[in-house]
Amino acid sequence: MKKHTLALTAAFSVLALAACGNGSDSSGSTAGGGGGGGADMRLALNQTEEHPSFIALDNFGQKLAEDTDDRYSIEVYPNEELGAQAEALQYVGDGSVDLAIVSGTQLENLNADFAAFNMPGAFDSVEHQMEVIHDEEIVGDLYTSLEESNNVTVLGGFTQGTRSIYSDKEIRTPEDMAGMKIRVQESPLHIGMIEAMGGSATPMAFGEVYTALQSGVLDGAENNEVSFFTQKHFEVAPVYSRTNHLVGLDYLIINTDVLEGMSEEDRQAFLDAWTTAHEEHTQLWAEATDKAIADAEAGGATFVDVDAEAFAGAIAPLQEEFLTTDSQKALFDAARAAAK
Ligand code: GCU
């Protein structure tokens, strides 16, 4: 499977790494080289170094190096240094980057089945979400579905926690969002979601949101408390209105050739270290959320409750509108069946 692309991928990796001046690869050992020889792998992330995702991934890299006697290591590049998620997804496919964290909204553009887990109401809690998305029986086919088409394997994920709307004014009802330009991730479902919630959806990469809020290109955005604080969005859109419209989801993706190129022993060490990493992320998440709320409040942000019933009613029709195929419905139903 795809072996013919290995040499090309490896060559491209070397060129791309050299172009980026990445000194850590001076060993000449690059991912995608195959043969189980090992590699210094590069991971693209769009969060800051204080974000739980960076912390868990950095520890992941260290554990992997220890457990493989330094045959494999991971360098995490935060803050979109290797590109925004849409680019990072392409780079992982072409092998110029080995690993990335991308939101489920990005994968929905490659395989519409991913929309099932981007749907409001799919998950009741972080724990429920983590159980579903690491259940091989539910996600096995989904996670390998991009291998032939995109050379990308999905390994599982991190929660994005509960997402809400923020702007410079209180939002209590869908009517309050009328005429407001709200940044949304680049996903048909989430564009539809913001429109259903009463706003005007503006899709945009994560790293552009601060400036767009500041300059008035946007009137608001939607995210979890951790990103609201770590991206400093609270400085320019200080009122966080708890619409709690969905529990969002990030995935770890890897170049399929890189994964296949590992020896069985190293691949097992890699997968075990990843399990430790996503479990650590889940543990860090609740505390990081509490801290982000406290820190944002100390910086002048306010958190307000909304008319939850009005928003629930507004987004209810999304399921019928956006989950139209049997496979989408089966994934959504499997998620719901696993709810306690
Ligand atoms: C969260 C999520 C990111 C995503 C971002 C966004 O912060 O963890 O992966 O890119 O939301 O809204 O774009």
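## Exercises on pockets, a cavity and two buried residues

Leaving aside residues within four places in sequence, A212 makes contacts with M204, V217 and L218. The exercises below start from this residue in what is a predicted model.

**Exercise 1.** Place A212 in its secondary structure element, and decide whether A212 is buried or exposed.

*Solution.* Begin with the element: A212 belongs to helix α10, which covers residues 209-215. Next, take the relative accessibility of A212, which is 7%. Since buried means under 20%, A212 counts as buried because its 7% falls under that cut-off. As a last step, look along the chain to V236, which is 24 residues apart from A212, and find that the two C-alpha atoms are separated by 9.5 Å.

**Exercise 2.** Carry out the corresponding analysis for T289, stating which helix holds T289 and which residues T289 touches beyond four places in sequence.

*Solution.* The helix that holds T289 is α13, running over residues 264-298. The relative accessible area of T289 is 12%, and T289 is therefore buried under the 20% cut-off. Once residues up to four places away in sequence are set aside, T289 touches E225 and V226.

**Exercise 3.** Describe the largest pocket by its volume, by the residues closest to its centre and by the elements that line it.

*Solution.* The space in the largest pocket comes to about 380 Å³. Its lining is made of 19 residues, and those closest to the centre are E136, Y143, L155, L271 and W274. Turning to the elements, at least two lining residues come from each of α7 (136-144), β4 (152-167) and α13, and it is α13 that contributes the largest share, with 6 residues. Sorted by class, the lining holds 8 nonpolar, 8 polar and 3 charged residues.

**Exercise 4.** Work out which element gives the most to the lining of the second largest pocket, and what classes of residue make up that lining.

*Solution.* The volume of the second largest pocket is about 240 Å³. Among the 13 residues that line this pocket, E50, P52, E287, A288 and K291 are the closest to its centre. The elements that each supply at least two lining residues are α2 (52-67), α11 (225-230) and α13, and α13 gives the most, with 6 residues. The lining divides by class into 7 nonpolar, 2 polar and 4 charged residues.

**Exercise 5.** State how many cavities of 30 Å³ or more a search of the whole structure finds, and characterise the lining of the largest cavity.

*Solution.* The search returns 2 cavities that reach 30 Å³ or more, and the largest cavity has a volume of about 200 Å³. Of the 23 residues that line the largest cavity, N46, Q85, S103, Q185 and F206 lie nearest its centre. Two or more lining residues come from each of α3 (85-94), α4 (104-108) and β4, with β4 providing the largest share, 3 residues. The classes in this lining are 5 nonpolar, 13 polar and 5 charged.

**Exercise 6.** Assess the confidence of the prediction, giving the mean pLDDT of the protein and the pLDDT over residues 1-30.

*Solution.* For the protein, the mean pLDDT is 91, and 89% of the residues reach 70 or more. Over residues 1-30, however, the pLDDT is below 50, although this stretch has 43 contacts in the model beyond near neighbours in sequence.

Conventions: Residues are numbered from 1 along each chain as its sequence is written. This is a predicted model: local features need pLDDT of at least 70, side-chain atom pairs count only at pLDDT 80 or more; totals for chains, interfaces and linings use all residues. Side-chain values use heavy atoms; hydrogens and water are left out. Helices (H or I, at least four residues) and strands (E, at least two) are DSSP runs, numbered from the N terminus. Buried means under 20% relative accessible area, exposed over 50%, partly exposed in between (1.4 Å probe, protein chains only). Contact means heavy atoms within 4.5 Å. pLDDT is the predictor's confidence in each residue, from 0 to 100. On a 1 Å grid over the protein atoms alone, a cavity is a set of points where a 1.4 Å probe fits but cannot get out, and a pocket is an open set with protein on both sides within 12 Å along at least five of seven lines; lining residues have an atom within 4 Å of a point. Grid points are joined across faces, edges and corners, and a volume is the space filled by probe spheres set on the points. Ala, Val, Leu, Ile, Met, Phe, Trp, Tyr, Cys and Pro count as nonpolar, Asp, Glu, Lys and Arg as charged, and the others, Gly among them, as polar.
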